[in-house]
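Here are my notes on this entry, set out as numbered points. Please read them with the structure open.

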Amino acid sequence: MHEEKHDLAHELPEYKDKIHEMKGSNAHFRKIFDEYHVITKDIHQLEAKDVPVTDEHFEELKKKRLQYKDELFTMLKAA
């Protein structure tokens, strides 16, 4: 099975330096960044271990990850 990379460095490679900078200078960005990576890890573990989970719950996790990514991208563009 092909694993997709969802860490921000793979999702937004053109912002790699800005991501690093903002993690150190913007507490809100860092909080959302950390939450994004926790939920990404949770999703990956559910997929990798084939843990039984409802489709609704799995979709909620993926939607939340997308919301975090959108918020992070918005902050990166504005910086």
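1. Helix H4 and its cover. The model is a predicted one. Start with the cover over helix H4. The elements that cover its buried residues include helix H1 (8-11), helix H2 (16-25) and helix H3 (27-48). The buried residues of H4 are Phe58, Leu61, Arg65, Tyr68, Leu72, Met75 and Leu76. Note that Arg65 is in that list. The spacing fits a simple rule: an α-helix has 3.6 residues a turn, so residues three or four places apart point the same way.

2. Length of H4. This helix covers residues 55-78, which is 24 residues. At 1.5 Å a residue, the expected span is 34 Å. The C-alpha atoms at its ends are 35 Å apart, so the expected and modelled values agree.

3. Overall make-up. The chain holds 4 helices and 0 strands. Read from the N terminus, the order is α-α-α-α. The C-alpha trace spans about 40 × 20 × 15 Å along its principal axes. Of the 79 residues in the chain, 24% are buried.

4. Contact range. Take the contacts between residues at least 6 apart in sequence. Of these, 69% join residues at least 24 apart.

5. The nonpolar core. How many residues are in the largest nonpolar core? The number is 17. Those with the most contacts inside this core are Leu8, Ile19, Phe29, Phe33, Leu72, Met75 and Leu76. At least two core residues come from each of H2, H3 and H4. The biggest share is from H3, which gives 7 residues.

6. Leu8. This residue sits in helix H1. Is Leu8 buried or exposed? Its relative accessible area is 1%, so Leu8 is buried; the cut-off is under 20%. Neighbours within four places in sequence aside, Leu8 is in contact with Pro13, Ile19, Phe33, Tyr36, His37, Lys69 and Leu72. Leu8 is also among the core residues with the most contacts. For a distance to check, take Leu8 and Gln67: they are 59 residues apart in sequence, and their C-alpha atoms are 13 Å apart.

7. Leu72. Here is the H4 side of that contact. Leu72 is one of the buried residues of H4. Residues up to four places away in sequence are not counted here; beyond them, Leu72 touches Leu8, Phe29, Ile32, Phe33 and Tyr36. Phe33 and Tyr36 also appear among the contacts of Leu8. Leu8, Phe29 and Phe33 are, with Leu72, among the residues with the most contacts in the core.

8. Exposed acidic positions in H4. Both Asp55 and Glu60 belong to helix H4. Asp55 has a relative accessibility of 62%, so it counts as exposed. For Glu60 the value is 53%, so Glu60 is exposed as well, the cut-off being over 50%. Asp55 and Leu76 are 21 residues apart in sequence, with 31 Å between their C-alpha atoms. Glu60 and Lys31 are 29 residues apart along the chain, and 20 Å separates their C-alpha atoms.

9. The loop between H3 and H4. Asp50 is located in this loop. Its relative accessibility is 66%, so Asp50 counts as exposed. The C-alpha atoms of Asp50 and Phe73 are 30 Å apart, for residues 23 places apart along the chain.

10. Surface and charge. The accessible surface of the chain is about 5,800 Å². Carbon and sulfur atoms account for 51% of that surface. What is the charge count? There are 14 positive and 18 negative side chains. The centres of these two sets lie 5 Å apart.

Definitions and conventions
Residues are numbered from 1 along each chain as its sequence is written. This is a predicted model: local features need pLDDT of at least 70, side-chain atom pairs count only at pLDDT 80 or more; totals for chains, interfaces and linings use all residues. Side-chain values use heavy atoms; hydrogens and water are left out. The expected span of a helix is 1.5 Å times one less than its number of residues. Buried means under 20% relative accessible area, exposed over 50%, partly exposed in between (1.4 Å probe, protein chains only). Contact means heavy atoms within 4.5 Å. Accessible areas come from the Shrake-Rupley method with a 1.4 Å probe; for residues, only the protein chains shown count as cover. Lys and Arg count as positive and Asp and Glu as negative; His and the chain ends are not counted. The place of a charge is taken as NZ of Lys, CZ of Arg, CG of Asp or CD of Glu. A nonpolar core is a set of buried Ala, Val, Leu, Ile, Met, Phe, Trp, Tyr and Cys residues joined through side-chain atoms within 4.5 Å.
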